[in-house]
Amino acid sequence: MANAAPSTSLALPDDPNVRGDIVLEDPIEGREPLVRGDRDFHYITEAVCRGNELPLMKTPSTFVFGLLLAFAGFLLFGGYVGWLFWEGPGIWGNNNPVSWAWDIVNFVFWVGIGHAGTLISAILYLFRQKWRMGVNRYAEAMTIFAVICAASCVVLHTGRIWLDYFLFPIPNQMQLWPNFRSPLEWDVFAVNTYFTVSLLFWFTGLVPDFATLRDRATVKWRQLFYGALALGWRGSARHWVTYEKAYQILAAFSAPLVLSVHSVVSFDFAVSQLPGWHTTIFPPYFVAGAIFGGFAMVQNLIIPARAWLGLKDIITIRHIENMNKIILLTGSLVGYAYGMEFFVAAYSGNEYEGFTFINRAFGPYWWAYWIMLSCNVLSPQLFWFKKLRTNLYLSWIVAALVNTGMWFERFVICVTSLHRDALPSSWEYFVPRTEVLFLLGTFGLFLFLFLLFIRFFPVIAISEVKTILPQANPHWEGYAHAKGGH
Amino acid sequence: MSSFGLLAEYENPAQLYAACERVRDAGYTKWDACSPFAVHGLDKAMGLKPSTLPWWVLGIAISGSIFMFFFQIWAMVYAYPFILAGKPLFSIPAYVPCWYEATVLSACLTAFFGNWALNGLPRYHHPAFSSRSFARVTDDKFFIMIESRDPQFDATAAEALLKDTGASSVEELED
């Protein structure tokens, strides 16, 4: 496609690791192009497959080190779960409701992370936001791994883990069906549906890219591995018609899932009668917080990954900036929700509700509340300035702060409401004992899966990114003089 | 070895699009175009009918939805009536979340499995895979296949048509 020569490409330095970080204005639209430089289809294939096709023995030692570190975290997770199986949830001090909180904090934290992936893959797809093509594969992978972490927290907290199948509507020896009127059962349905649909969506998008890796494979195991995953895909136009329809349908059904999953998670709290939980603002507040935290996690993963994999021309500063704008928006929404909670507590005139919120900000857990507020509401406000939201280091730091703040948000909601609940006998100041290992373990599990994903799966949706190149349009003006053109 | 048909290679989507219009207008029915990505509007250039997948999804999603609604009523009100949290046995608002999730799940499972089933995938082999150049169909090349089982297939005429549409190469595929 040598006839395509946007003037912007002339100013780009040759080193692809530097190139993407330079902000150049598109002379016509005033925006950066989605894929930087004068790129053809083959470049996209090469750029994405390069990382996957490195021989196993030539895996960079930094990557192996990272993988081993994540694996150590994964082993920690396994060991801790083994201890939990052996001793029971008493190791969390679960004799007291306050201690119930830790695994639930982790569950809500992880399941919230996933929402950014679904927002990118489904809602931005339906709104024809073409910049999503560069980042959706990462974000969807992040969704799946985050939901695996969330599910492991919630599956393991039931106590008698071997009876977890009671949660599902399958006939059991007690002849009692799960209670479909309970928020906890809604949660089982919401999270399982979410995980299944995310996985199907992710896999559907991956099949044409697995076919690319299959067709390029030179060693036997790759041919077999990617050949099996590609399902015999041959890019037939007759297949693309049904495939695109399936993709649209999956997107259309995933879009309301973004809103419903965390709404249902918030029902676990909102349907109870505990002051601090029993509020109607919870569903939208949780959804905004989930998208907020999820985008922060995308930033934390993608900023190092794009540099490391040399994908700066495909995941450009414009992508990072767009995601920072969403972080600013959702962070401000979350801030509004924090304020509105206080307003409702004051305006309701309910003294229990009022106490709970004064206690949140100035009670024994004041430090958690102010960590949450400064990380979630104040730090994203930096992104009002273009110079700051296009700064990669600052973006990464703010994203890390947001992740911290969002974890503390769940801690604040769970713990501060419970530690002064209706029964003074269960009042306690919760101090985690070994539970921190559990949280670290889930991070190990998450990073381990994510690094394996980066190594073996195409991290960019190859076939989707090709469609946003100008020459993918058969009526592109560059073809006007070509034989048989229109 | 009998002949499966002809495989023509094109350099870019514009050539493929124009060639598809020619092949469509020539009246072939058993033919196909292959591309690394979904070329916009190619279904029109090929004269393809819209996918039937949405109708499958609609039917199964409605069935799944109705099933889940009545299943909840049966399980809560008849199979083992049990008052919990003071909620009535029959309570449509409390049934909504599981009802909704079951609808989404049945729709998405149908979309996923229906996509592969309607496309005849997974498939172990296809005659086009024996062509070396076809390996770039998932990279940056575009192809048209005209199958020999097409009622009006004539190897010389089809080859002449494909060459005339600007194919960079035309080769014969073995079945």
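These are my notebook entries on a few helix packings, one sheet and some backbone details in a predicted model.

**Confidence, chain A**

I started with pLDDT. Chain A averages 86, and 92% of its residues score at least 70. The weak stretch I noted is residues 1–11 of chain A, where pLDDT stays under 50. The model still gives that stretch 21 contacts beyond four places in sequence. I am leaving those alone, because predicted coordinates should not be read in detail where pLDDT is low.

**Helix 4 of chain A and its partners**

Next I looked up what packs on helix 4 (residues 101–126) of chain A, beginning with helix 8 (residues 237–270) of chain A. The two pack at an angle of about 150°, axes 9 Å apart. Over 145 degrees counts as roughly antiparallel, so that is how helix 4 and helix 8 of chain A run relative to each other. I have the crossing down as left-handed. On the helix 4 side I picked out contact residues including Ile104(A), Val108(A), Leu119(A) and Ile123(A); facing them, helix 8 of chain A offers Ala251(A), Ala255(A), Val258(A) and Val265(A), among others. By class, I get 17 nonpolar, six polar and one charged residues in this contact.

Then I turned to helix 5 (residues 132–156) of chain A. Its axis lies 7 Å from that of helix 4 of chain A, and the packing angle is about 155°. That makes helix 4 and helix 5 of chain A roughly antiparallel. This crossing is left-handed. The contact residues split into 16 nonpolar, seven polar and three charged.

Last in this set was helix 6 (residues 183–216) of chain A. The axes of helix 4 and helix 6 of chain A come within 11 Å and cross at roughly 40°, so I call this pair oblique. The handedness is left again for helix 4 passing helix 6 of chain A. From helix 4 of chain A, the residues I found here include Gly114(A), Thr118(A) and Ser121(A); they belong to a set that meets Asp187(A), Val191(A), Tyr194(A), Ser198(A) and Phe201(A) of helix 6 of chain A. The tally is six nonpolar, five polar and one charged.

**The sheet in chain B**

In which order do the four strands of the open sheet in chain B lie? I read 2-3-1-4, with antiparallel pairing. Strand 2 (31–34) and strand 4 (169–174) of chain B each have a single partner, so one side of each is left without a neighbour in the sheet. Neighbouring strands are turned by 20° against each other on average, direction ignored.

I then checked the pairing of strand 1 (residues 3–10) with strand 3 (residues 142–147) of chain B, which is antiparallel over six bridges. One bridge I looked up there puts Glu9(B) opposite Phe143(B). Helix 1 (residues 13–25) of chain B packs on this sheet and touches strand 1, strand 2 and strand 3 of chain B. Its direction makes about 20° with that of strand 3 of chain B.

**Backbone oddities**

Two spots caught my eye, since most residues other than glycine have a negative phi, and most peptide bonds are trans. Leu231(A) has a positive phi, near 60°; I place it in the loop between helix 7 (220–230) and helix 8 of chain A. The bond joining Leu121(B) and Pro122(B) is cis, with omega about -5°. I located Pro122(B) in the loop between helix 4 (92–118) and strand 3 of chain B.

How values were computed
Residues are numbered from 1 along each chain as its sequence is written. Chains are lettered from A and ligands numbered from 1 in the order in which they are written. This is a predicted model: local features need pLDDT of at least 70, side-chain atom pairs count only at pLDDT 80 or more; totals for chains, interfaces and linings use all residues. Side-chain values use heavy atoms; hydrogens and water are left out. Two strands pair if DSSP finds at least two bridges between them. Axes are lines fitted to C-alpha atoms, for helices over the stretch in contact, and angles run from 0 to 180 degrees between N-to-C directions. Contact means heavy atoms within 4.5 Å. Angles under 35 degrees count as roughly parallel, over 145 as roughly antiparallel, 65 to 115 as roughly perpendicular and the rest as oblique. A crossing is left-handed if the near helix is turned anticlockwise from the far one by less than a right angle, and right-handed if clockwise. Ala, Val, Leu, Ile, Met, Phe, Trp, Tyr, Cys and Pro count as nonpolar, Asp, Glu, Lys and Arg as charged, and the others, Gly among them, as polar. pLDDT is the predictor's confidence in each residue, from 0 to 100.
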